[in-house]
Amino acid sequence: MILNATNGALSEVFSSGKIAPPLVVPLPSGELILGKENIGVLVDQNGKLVQAGRICWSEAPIAVVIQKPYAIALSPRRVEIHSLRVPYPLIQTIVLHDACHLIKSNNAIVVASNNSVYGLFPVPLGAQIVQLTASGEFEEALALCKLLPPKDADLRAARERSIHTRYAHYLFENGCYEEAMEHFLASQVDITYVLSLYPSIVLPKTTTIPKPEKLMDLSPDDSSGLSDGLETLLPQPSESDENAAFEFKKTSHNTLMALIKYLQKKGYNIVEKAAAEGVEEVVLDAIGDNFTSARSKKSNKRHGNVPINSAARDMAAILDTALLQALLLTGQPSAALELLNGLNYCDVKICEELLQNGNHYAALLELYKSNSMHRESLKLLHQLVEESKRNQSHAGEFGPEAIIEYLKPLCGTDPMLVLEFSLFVLENRPTQTIELFLSGNIPADMVNAYLKQHAPNMQGRYLELMLAMNENRISANLQNEMVQISLSEVLEWYSELSAQQMWDETAYSPTRKKLLSALESISGYNPEALLEHLPPDALFEERAILFGKMNQHELALSLYVHKLHVPELALAYCDRVYDSAVHRLPVKSSGNLYLTLLQIYLNPRKTTKYFENSIMNLVSSPNTSTQKVSSVASPKSKVGRKKIASIEGAEDMRISPSNTDTTIEESSEEGGSTIMFDQVLDLLSRRWDRINGAYALKILPRETKLQNLLPFLGPLVKKSSEAYRNSSVIKSLRQTENLQ
């Protein structure tokens, strides 16, 4: 029974036995040992079990005393000593007949019989620890280490590490691999000591980490030879025994899994020390570069890549290299990839060979990347992309996009390497590659110069895409170069067809369409320089665009009308010039271009001759400027141009009958060739609102019938009448206002 002395509450724990009276022994911790017959249990002050298990004596004890960590029980024929640690094993038995008293004194246990007194003295803790360790009672030995006095803290720590090491070997030999690694962890031995158990793990060679000492034997009688490595500890399979082979493989897997957990637990502190060492060196280098003398600067630079003390990094390299191998040997490539993704110190040579043999390409790429071996990484990536194109392997994992993603962070640090390995993706993913160059701020001139030297076939493609995506990033020189590249391709195509006598001016290859579009949309090139390269008897549309860029409108319109025979292009040209000049120039001056086209329709022979003379002058003196080209012409062409000039300035003049008659006479004299009358009428009817009607009528031939001019005169007169009426109304209103 337990009686609570505070409130008088009485509670029953269990019924007493029939052979011996119940036993109650207080412990220093406040707990109790309650005995019934030959069984003892540990309970708290309320009678609840504290620990599982029970103390079993050989017979019901007469008395029990506590000498921590032991419980000494007296029975009629012997003294039994049990440990107070679960499972309360029997530690020692002392045979003493007829003993009847058991008393604890200061330094001993006193046992008395009818005629004798015995003193039981405890063996010193140090000696007990040695004996327990030698007999394989490692748990008891470790428990006793905790009882050593505080003044022997260093001795206690050394003994605990030694016991943990021996215990770990014992557990490892008996197949308890994870428990063994826990004790290796507690023993604080170097990881090289543990890794010597694994001959399949290849370790990097270091100068700062000593070789592990030979593994200690478990006992003097033990000659198992643990230092021979893992193979001597594991059951060796015979070739004919499949079950044994399976068990060996399973055991190997279990040992490696235990090693992985051990290395992961050790890894954080080791890698942290290595990283701190690296930071310290960077700081020292920075201080040396900024504040030391020239001599010390030179000394620091000489040791730029040689660490002052690389022991921590060498240990980290051993750990990460071993961990990567263990992960791959246990079939965990994803975990290996995760290891390489973070901060790691894996040995490149060992891990590279292992990853190559296992075809772990993603992990190999990360290995190269983490060691800044970008060239090797990109070579491998290029190879994988090529293989995936051939046999569709790794198609979802390794594509041109993978190369682009890899190159992105390198744009700011190594643009030349980016350019070198972007040639392949520029051909397969041009738009994304240009975006890479733009986002990486790689100068367009640098990219263009590199492509011009190493991949001239991609230069034009690059410039086209750059222009389409961001015209502001293209300088005038690059625009000019792009147009020249397109022109050279068209000229090559023209030469091939001309040699076969198959040239057709109306044929448009994709390259020629691209050139025409570039000539129209780009404004940064030099038209005079391009004109020098055009053949005199072909590529008239290109020539017309260039003349337009040089403001040689009459020559451009003559080409559309007399060489290309496409009046629609001439009209579209006039419309473009008119629309672009609406916000920049007076509409009158741009509207005169329609009168120029009208004059070309009315005087085909004169304009053709003028065009031919101008072309001859350009061919004979290719370096002439725009003013020279426009000023050099035959006397007849000068007369014609004076006439065009008089038309352009005609709006500022007044119409007089004499003037009209003179112009008509000149027109009829020069118009000996067939007048393009249908085109004249079509132009007047479609652009009547942009043409000065009075001067259009002035230059028309006298035989023109009024009936044919109705589509032109009808809306024109209507508009003029409306304007006249509106002006009259406004005039009247203003007159009334003035009178008021």
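In this predicted model, a nonpolar patch sits on the surface, made up of M1, L3 and L10. Taken together, the three residues offer about 360 Å² of accessible area. L3 belongs to strand β1, which covers residues 2-3. With a relative accessibility of 56%, L3 counts as exposed, because the cut-off for that label is over 50%.

Further along the chain there is a neat bit of strand pairing. Strand β11 (residues 99-104) runs antiparallel to strand β12 (residues 109-113), and the two are held in register over 5 bridges. Within this pair, L102 stands opposite V111 of β12. The connection from β11 to β12 is a hairpin of 4 residues.

Charged side chains come next. Side chains of opposite charge can pair when their charged atoms come close. The model has 19 salt bridges in total. One of them joins E139 to R85, with an N to O distance of 3.8 Å. E139 is part of helix α2 (residues 138-145), while R85 is in the loop between β9 (78-83) and β10 (90-95), so this salt bridge ties together parts that are 54 residues apart in sequence. Neither partner is tucked away under the cut-off for buried, which is under 20% relative accessible area: E139 comes out at 36% and is partly exposed, and R85, at 29%, is partly exposed too.

A second salt bridge pairs R512 with E505, at 3.0 Å from N to O. Here the setting is the interior side of the cut-off, as R512 and E505 are both buried.

Then there is D579, whose side chain meets that of R690 in a salt bridge of 3.6 Å, N to O. Helix α24 (residues 567-581) carries D579, and R690 lies in the loop between α30 (677-686) and α31 (693-699), so the pair links parts of the chain that are 111 residues apart in sequence. D579 has a relative accessibility of 42% and counts as partly exposed; R690, at 23%, is partly exposed as well. This contact does not stand alone, since D579 and R690 belong to a network of salt bridges that also takes in D575 and R687.

Terms used:
Residues numbered from 1 in each chain as written. Predicted model: local features only at pLDDT ≥ 70, side-chain atom pairs only at ≥ 80, totals over all residues. Heavy atoms only, no water. Patch = residues over 30% accessible without salt bridge, like charges linked within 9 Å, V, L, I, M, F, W, Y side chains within 5 Å. Areas by Shrake-Rupley, 256 points an atom, 1.4 Å probe, with all protein chains shown as cover. Salt bridge = Lys/Arg side-chain N within 4 Å of Asp/Glu carboxyl O. Buried < 20%, exposed > 50% of the residue type's maximum accessible area, 1.4 Å probe, protein only. Pairing = 2+ DSSP bridges.
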